[in-house]
Amino acid sequence: MTLHLVRMPLDLHALASFAAAHGIDDDDGGYALHRALRDRFGTAGPQPFRFLPDHRSGPHLLGYTADRPALDDAGALPVADDLLARVFDGSWQAQAMPEAWREGARYGFEVRVRPVVRFGKSIRAARSERAGAWQRNAGEIDAYVAAGERVVAAGGDAREVDREAVYIDWLARRLEGVATLDMAGLRQFRRSRTRRSTHRPGGARTRAVEGPDAVMAGTLTVADRHAFAQMLARGIGRHAAFGYGMLLLSAPGRAG
């Protein structure tokens, strides 16, 4: 099916009330919006998406949907939950993305990512016993912190590690075989705290997660048109269901 870019206006006050009603307390609103999208549109909701609460044209989300008819069907249903209805109380628009991508085509891009690296069981166990390890029991950590640990392990100085260079390399690796980075930079960075499902029966349904929150921008060239189409629909990196990984494209030189 044709991928569509969806723009949905949002009522931030209603979203905050929805989050409070469900006990959701995240810094970026990503988990709350994920929950609201699932409750309103089910699996037809846009994913990946980008939450833009402070945009000059008003708060909204941009997202991709691979099944426009299913999204239309879900959106046509009445909503019994008044609070949920007010979160999406506005007309939304959808535009078809290109049916085919040309290998060699260049685009400006912007993407919000969670640049983390995951560990296997053996490395995770080793880190848990290492004194001074950052978030020693975590299954994933900031790619920048991981790069610093590798430098220290090799006898170097972690202060020489450049965060922007680490994140550019992280992004290039995720695009390997799909697209090449012609130019890239770190546009915004912060650390944010959000929530994720535990997927465990009984007990708490969510847990707090803190980590890097970066916006990268630049220019890329399509290397594999089929893989590029799949990546757009899937998103880049982890946490794509919560506001990360959506690749926004523009004409070269007009990223963002």
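This tour visits the largest pocket, then helix α1. The model is predicted.

**Stop 1: the pocket centre.** Select Arg 50, Leu 52, His 55, Glu 110 and Leu 248. Of the 30 residues that line the largest pocket, these lie closest to its centre. The volume of this pocket is about 870 Å³.

**Stop 2: the strands around it.** Now colour β1 (4–9), β2 (49–52), β3 (60–65) and β5 (106–113). Add β8 (179–197), β9 (206–222) and β10 (247–250). Each of these strands gives the lining at least two residues. Which strand supplies the largest share of the lining? That is β8, with four residues.

**Stop 3: the two domains.** Colour domain 1 (4–96) and domain 2 (105–250) separately. The lining of the largest pocket takes at least three residues from each.

**Stop 4: lining chemistry.** Switch to colouring by residue type. The lining of the largest pocket splits into 14 nonpolar, five polar and eleven charged residues.

**Stop 5: helix α1.** Move to residues 12–21, which form α1. Select Ala 14, Leu 15, Phe 18 and Ala 19; these are buried. Look along the helix axis. The four buried residues span an arc of only 140° around the axis, so they sit on the same side of α1. In general, an α-helix has 3.6 residues a turn, so residues three or four places apart point the same way.

**Stop 6: the other side.** Turn α1 around. Here His 13, Ala 20 and Ala 21 are exposed.

**Stop 7: the cover.** Go back to the buried residues of α1 and show what covers them. The cover includes α2 (30–41), β2 and α4 (82–87). You have met β2 already: this strand also supplies at least two residues of the pocket lining.

How values were computed
Residues numbered from 1 in each chain as written. Predicted model: local features only at pLDDT ≥ 70, side-chain atom pairs only at ≥ 80, totals over all residues. Heavy atoms only, no water. 1 Å grid on protein atoms, 1.4 Å probe; cavity = no way out; pocket = protein on both sides within 12 Å on 5 of 7 lines; lining within 4 Å. Points joined across faces, edges and corners; volume = space filled by probe spheres on them. Nonpolar A, V, L, I, M, F, W, Y, C, P; charged D, E, K, R; others polar. Domains from an automatic or database assignment. Buried < 20%, exposed > 50% of the residue type's maximum accessible area, 1.4 Å probe, protein only. Arc of directions from axis to C-beta. Contact = heavy atoms within 4.5 Å.
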